[in-house]
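Let's work through a few exercises together. Take a look at the chain below, then follow each solution one step at a time.

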Amino acid sequence: MDKQTLINYAKEIWNQAYVPYSHFNVGAALLTKDGKVFKGCNIENAAYPVSCCAERVAIFKAISEGETEFSQLAVIADSDRPVPPCGSCRQVMSEFFEPDMEVIVTNMKGDVKSMTVEELLPFSFTSEDLAEGQSNS
Ligand SMILES: O=c1ccn([C@H]2C[C@H](O)[C@@H](CO)O2)c(=O)[nH]1
Ligand SMILES: [Zn+2]
């Protein structure tokens, strides 16, 4: 699938965002290695921290359906620069994606920036660190 097609899937679900508090719609589209697309939008809550970003909604939809192998994630917002994923989403990406997987961030003006998971979150805490800690205790 080409980049623009995945970006278009992200744009499709951008409209579904539930954002009565921020009024900042975000859409995400996650491509599996076998060609399936899982779309997510941000979903907010009156208790603000309970809200969930578009990226994590897409990732959790895919994981909950048994998907484990991913090839690209596209994210879009009506932002001045390509929308930078938040820290929580970067941590979730590092849990489920290979370090060299491509994350495509974009905006409604058509600016597109590609980054790897590792570029978004270098030196991330992973399950390997946890195993190491346990073996030393
Ligand atoms: O990459 C991002 C950045 C922000 N948001 C959401 C969280 C919140 O609902 C709103 C404003 O921060 O945008 C996302 O979904 N993804
Ligand atoms: Zn986020």
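The radius of gyration used here is taken over C-alpha atoms, and the globule rule is 2.2 Å times the number of residues to the power 0.38. This is a predicted model, in which local features need pLDDT of at least 70, side-chain atom pairs count only at pLDDT 80 or more, and totals for chains, interfaces and linings use all residues. Residues are numbered from 1 along each chain as its sequence is written, while chains are lettered from A and ligands numbered from 1 in the order in which they are written.

**Exercise 1.** Work out why the chain's radius of gyration agrees with that of a compact globule.

Start with the rule: for 137 residues it gives a value near 14 Å. The chain has 15 Å, so the two agree. As a companion figure, the C-alpha atoms fill a box of roughly 50 × 40 × 30 Å along the principal axes.

**Exercise 2.** Find the order of the strands in the sheet.

First, list the elements: the chain has five helices and five strands (DSSP runs numbered from the N terminus; helices are H or I, at least four residues, strands E, at least two). Next, read along the sequence to get α-β-β-α-β-α-β-β-α-α. Then look at pairing, which requires at least two DSSP bridges between two strands. The five strands form an open, mixed sheet in the order 2-1-3-4-5. Strand 2 (37-41) and strand 5 (112-116) are its edges, each pairing on one side only.

**Exercise 3.** Describe how strand 3 joins strand 4.

Residues 70-77 and 102-107 run parallel, joined by six bridges. Within this pair, Ala77 has Asn107 as its bridge partner.
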